[in-house]
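Dear colleague,

I am handing over a structure that you have not worked with before, and I would be grateful if you could look through it alongside the notes in this message.

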Amino acid sequence: MFSYDGMRQHVLADDEFEVLQQLVLDSSGIVLAESSRRSLLDYLSTRMYQLQLGCFQAYRERLQQDSTELLRLINAATQSYTTFCHDKQHFNFFTNTLLPELAKKPEQELRIWSVGCSTGEEPFSLAMVAQEVLPNIDEWDIAVTATDHDSEALSTAMKGIYPLSQVRHLPARHLLRWFRSLRIGSEEHVQISPVLQQMVAFRRLNLLSDWTAPEPQDAIFCRDTLIYFDMPKRAYLIDRFADSLAPGGYLFVGESDRVEVYSDRFEALGNAIFRRCD
Ligand SMILES: C[S@@+](CC[C@H](N)C(=O)[O-])C[C@H]1O[C@@H](n2cnc3c(N)ncnc32)[C@H](O)[C@@H]1O
């Protein structure tokens with residue numbers, strides 16, 4: 001049975017794991033795999049210590065009363081969860097509003113920063129859409145910066161190799177143009193085309209470290225990442241993101257990130273999209 005007692009930790013019992021599975025399933029539809037049990041135990045140990053909760057039952061009650069706490073658990077359990085073209089509304093806005101707006105300017109420059117890029121699906125999707133939507137793409141100066149603190153996730157991102165199941169939801173025209181198939185052992189995989197790989201620069205960055213922003217960005221995608229930070233740190237990061245955006249640049253965040261609570265430097269456009277307005 002799990003209990004937090006100083007630095008001692010025990011196993012997450014079957015019934016406790018099932019409670020967490022059910023709570024996560026009911027609120028998000030995500031099925032927690034048995035393989036996530038070990039990392040959940042580490043997470044619970046730290047989190048219960050932070051919350052000063054002495055036993056699993058107290059933590060369970062907290063989860064039932066506090067949806068943010070539940071979301072935090074879901075994110076911890078799916079820490080590197082990401083997918084290609086994740087969040088339709090964001091990609092629709094990027095495709096139909098942001099890129100056409102930039103295409104009207106004479107500079108032909110695009111700067112995007114994917115913060116918390118995990119295994120790379122997000123920055124590659126953005127590069128893919130830019131390739132398809134921007135006119136005279138070869139004349140553009142494009143830089144997609146993708147950062148994460150997780151070096152394992154970054155190493156997958158840099159290889160650009162994914163199981164076929166990761167891309168099955170993409171339209172066939174995307175698959176044919178931007179991926180080549182690859183067999184690893186008995187499993188089918190795909191590899192991102194070199195054109196997209198060359199567009200994305202991955203680097204390790206811990207948002208809690210003392211970082212310097214890349215040059216002014218047209219858009220920053222920081223989705224499902226702010227949840228890991230306490231409120232003062234979120235406020236600080238959102239302010240730093242405003243500094244890192246060009247005037248009028250866009251910030252895309254996770255569904256539950258209420259940027260307006262932390263900063264008045266952004267105009268809310270709906271669907272977790274914000275525009276720098278100062
Ligand atoms: C759920 S994933 C986000 C995936 C992607 N942004 C998307 O929406 O498709 C969250 C990412 O935040 C990263 N992360 C968590 N804490 C971080 C930190 N302190 N600095 C940098 N990245 C962090 C994790 O490593 C993880 O890859």
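What follows is an account of what was found, going from the whole chain to single residues.

Please keep in mind throughout that this is a predicted model. The secondary structure of the protein amounts to 11 helices and 10 strands. Its radius of gyration is 20 Å, close to the 19 Å that the globule rule gives for 278 residues, so the protein is as compact as a globular protein of that length. Taken along the principal axes, the box that the C-alpha atoms fill is roughly 60 × 50 × 30 Å. Of the 278 residues, 32% are buried, and among the contacts with a separation of 6 or more, 68% are between residues 24 or more positions apart.

The domain assignment gives domain 1 as residues 14–77, and domain 2 as two stretches, 88–161 and 192–276. The centres of domain 1 and domain 2, taken over C-alpha atoms, are separated by 29 Å.

Turning to the interior, the largest nonpolar core has 45 residues, and those with the most contacts inside it are Ala-127, Leu-196, Val-200, Ile-220, Cys-222, Phe-241 and Leu-251. A second, separate core has 12 residues, including Leu-20, Leu-32, Leu-40 and Met-48. As general background, nonpolar side chains in soluble globular proteins tend to be buried together.

Ala-127 is a useful residue with which to begin looking at the largest core, and it is found in helix 6, which covers residues 121–133. Ala-127 counts as buried because it has 26 C-beta neighbours inside 10 Å, where 20 or more are needed. If neighbours within four places in sequence are left aside, Ala-127 is in contact with Val-144, Leu-196, Met-199 and Val-200. Val-200, with its own neighbours within four places left aside in turn, is in contact with Pro-123, Phe-124, Ala-127, Val-144 and Ala-146, so that Val-144 appears in the list for Ala-127 as well as in the list for Val-200. For a sense of the distance to a member of the second core, Ala-127 and Leu-20 are 36 Å apart in space, C-alpha to C-alpha, and 107 residues apart in sequence.

The model also has a ligand, and 19 residues surround it, of which the closest are Thr-82, Gly-116, Ser-118, His-149 and Arg-223. The shell around the ligand divides into five nonpolar, nine polar and five charged residues.

Two loop residues deserve a careful look at the backbone. Gln-52 has a positive phi of about 55 degrees although it is not a glycine, and its place is in the loop between helix 2 (37–51) and helix 3 (56–65). Asp-87, another residue other than glycine, has a positive phi near 80 degrees, and is found in the loop between helix 4 (67–77) and helix 5 (88–103). Are these residues buried or exposed? Gln-52 counts as exposed, because it has 8 C-beta neighbours inside 10 Å, whereas Asp-87 is buried, with 21 other C-beta atoms within 10 Å.

Three further residues may help you to find your way around the strands and helices. Pro-163 is found in strand 3, residues 161–163, and is exposed, with 12 other C-beta atoms within 10 Å. Leaving aside neighbours within four places in sequence, Pro-163 is in contact with Glu-187 and His-189; Pro-163 and Glu-187 are 24 residues apart in sequence, and their C-alpha atoms are 7.6 Å apart in space.

Arg-183 lies in strand 4, residues 179–184, and is exposed as well, with 9 other C-beta atoms within 10 Å. From C-alpha to C-alpha, Arg-183 and Ser-114 are 29 Å apart in space, with their positions 69 residues apart in sequence.

Lys-233, finally, is found in helix 10, residues 231–244, and is partly exposed, with 13 other C-beta atoms within 10 Å. Lys-233 and Gln-191 are 42 residues apart in sequence, and 36 Å apart in space, C-alpha to C-alpha.

With kind regards

Conventions: Residues are numbered from 1 along each chain as its sequence is written. This is a predicted model: local features need pLDDT of at least 70, side-chain atom pairs count only at pLDDT 80 or more; totals for chains, interfaces and linings use all residues. A nonpolar core is a set of buried Ala, Val, Leu, Ile, Met, Phe, Trp, Tyr and Cys residues joined through C-beta atoms within 7 Å. Two residues are in contact if their C-beta atoms, placed from the backbone, lie within 7 Å. A residue is near a molecule or strand if its C-beta atom, placed from the backbone, lies within 6 Å of it. Ala, Val, Leu, Ile, Met, Phe, Trp, Tyr, Cys and Pro count as nonpolar, Asp, Glu, Lys and Arg as charged, and the others, Gly among them, as polar. Helices (H or I, at least four residues) and strands (E, at least two) are DSSP runs, numbered from the N terminus. The radius of gyration is taken over C-alpha atoms; the globule rule is 2.2 Å times the number of residues to the power 0.38. Domain bounds come from an automatic or database domain assignment.
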